[in-house]
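The exercises below concern one protein chain. Work through each task before reading its solution.

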Amino acid sequence: MSNPVHVLGFSGSLRKGSYNAALLAAAADLLPEGMTLETFDLSPIPLYNDDVRAEGYPESARVFRERITASDALLIVTPEYNFSIPGVLKNALDWASRPPDPPLKGKPAALMGASTGIFGTGRAQLHLRHVCVYTNMLPVNKPEVLVARAQEKFDGQGRLMDENTRGFVRELLTVLAEWTLRLRC
Ligand SMILES: Cc1cc2nc3c(=O)[nH]c(=O)nc-3n(C[C@H](O)[C@H](O)[C@H](O)COP(=O)(O)O)c2cc1C
């Protein structure tokens with residue numbers, strides 16, 4: 001691939017032993033040729049306040065927006081909290097959705113997530129797709145990477161051990177690379 005696809009990845013869980021952070025780390029090992037992955041920690045981003053935004057973006061939100069702009073595509077990794085996406089993730093996307101030049105607009109994206117339940121973040125990912133519509137992101141539809149019963153798929157060090165899941169993540173990244181290159185034309 002002559003023009004590499006640079007992906008910005010972030011996880012909606014802030015906890016140390018997060019399965020979603022571990023899933024993002026696994027993606028770094030499964031990148032197709034010509035794709036690079038940079039990860040972004042959402043924890044310093046403050047709660048959205050439009051009065052604050054009107055005065056100027058806080059530094060962490062400004063850097064988040066800048067890293068999105070500098071990327072070719074996004075890899076958004078979401079836990080499921082109460083059938084939806086965590087406030088941490090929604091909050092970060094809200095900061096990235098506002099003018100000038102909203103960086104999410106027209107950005108190719110791939111979604112995935114891990115939960116300890118049996119539905120593997122399917123409901124959260126559907127809500128995330130709603131957010132993609134209003135922000136005009138361009139998420140790939142398939143494959144869906146829904147990591148159910150995450151506690152059985154990762155080892156004690158947070159390594160993704162399940163071969164089927166590794167295959168789905170690899171396929172998602174390959175599709176994201178193809179999709180991003182298609183949209184570049
Ligand atoms: C506030 C909260 C709400 C949750 N709601 C759901 C849910 O709706 N569906 C589900 O499958 N798991 C739910 N869980 C369990 C999460 O799947 C589990 O805590 C998972 O490990 C979170 O992701 P993480 O490991 O990346 O932090 C919830 C957990 C928390 C803390």
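How many positive and how many negative side chains does the chain have, and how far apart do the centres of the two sets lie? The model is a predicted one. There are 20 positive and 20 negative side chains. The centres of the two sets lie 3 Å apart.

**Exercise 1. Describe the fold and the extent of the chain.**

Step 1. Take the elements: there are six helices and six strands. Read from the N terminus, their order is β-α-β-α-α-β-α-β-α-β-β-α.

Step 2. Compare the radius of gyration with the globule rule. The chain has a radius of gyration of 16 Å, and the rule gives 16 Å for 185 residues, so the chain is as compact as a globular protein of that length.

Step 3. Look at the box and the surface. Along the principal axes, the C-alpha atoms fill a box of roughly 50 × 40 × 25 Å. The chain exposes about 9,400 Å², with carbon and sulfur atoms supplying 53% of this area.

Step 4. Look at burial and contacts. Of the 185 residues, 46% are buried. Among contacts with a separation of 6 or more, 81% are between residues 24 or more positions apart.

**Exercise 2. Locate the nonpolar cores.**

Step 1. In soluble globular proteins, nonpolar side chains tend to be buried together.

Step 2. The largest nonpolar core has 26 residues, and L23, L75, M112 and V169 touch the most other members. At least two residues of this core come from each of β1 (5–11), α1 (19–29), β3 (73–77), β4 (108–114), β6 (145–147) and α6 (163–184).

Step 3. Follow V169 outward. Neighbours within four places in sequence aside, V169 contacts L23, A27, L30, M112, V145 and L160.

Step 4. A separate second core has 25 residues, including F40, I45, L89 and W95.

**Exercise 3. Compare the surroundings of F10 and S18.**

Step 1. F10 belongs to strand β1, while S18 sits in the loop between β1 and α1.

Step 2. Apply the cut-off for burial, which is under 20% relative accessible area. F10 has 0% relative accessibility and therefore counts as buried. S18, at 4%, counts as buried by the cut-off too.

Step 3. List the contacts, leaving out residues up to four places away in sequence. F10 touches L24, F40, L42, F64, L74, L75, I76, V77, L89 and L93. S18 touches S11 and S13.

Step 4. For one of the F10 contacts, L42, take the separation: 32 residues in sequence and 7.1 Å in space, C-alpha to C-alpha.

**Exercise 4. Find backbone geometry that departs from the general pattern.**

Step 1. Most residues other than glycine have a negative phi, and most peptide bonds are trans.

Step 2. Check the peptide bonds. The bond from P99 to P100 is cis, with omega near 0°, and P100 lies in the loop between α4 (87–96) and β4. The bond joining K142 and P143 is also cis, with omega about 0°; P143 is in the loop between β5 (138–139) and β6.

Step 3. Check phi. T121, not a glycine, has a positive phi of about 75°. R149 also has a positive phi, near 45°.

Step 4. Place these two residues. T121 is in the loop between β4 and α5 (122–135), and at 0% relative accessibility T121 counts as buried. R149 is in the loop between β6 and α6 and is partly exposed, with a relative accessible area of 35%.

Key. Residues numbered from 1 in each chain as written. Predicted model: local features only at pLDDT ≥ 70, side-chain atom pairs only at ≥ 80, totals over all residues. Heavy atoms only, no water. Helix = DSSP H or I, 4+ residues; strand = E, 2+ residues; numbered from the N terminus. Rg over C-alpha atoms; globule rule 2.2 N^0.38 Å. Buried < 20%, exposed > 50% of the residue type's maximum accessible area, 1.4 Å probe, protein only. Contact = heavy atoms within 4.5 Å. Areas by Shrake-Rupley, 256 points an atom, 1.4 Å probe, with all protein chains shown as cover. Lys, Arg positive; Asp, Glu negative; His and termini not counted. Charge placed at Lys NZ, Arg CZ, Asp CG, Glu CD. Core = buried A, V, L, I, M, F, W, Y, C linked by side-chain atoms within 4.5 Å.
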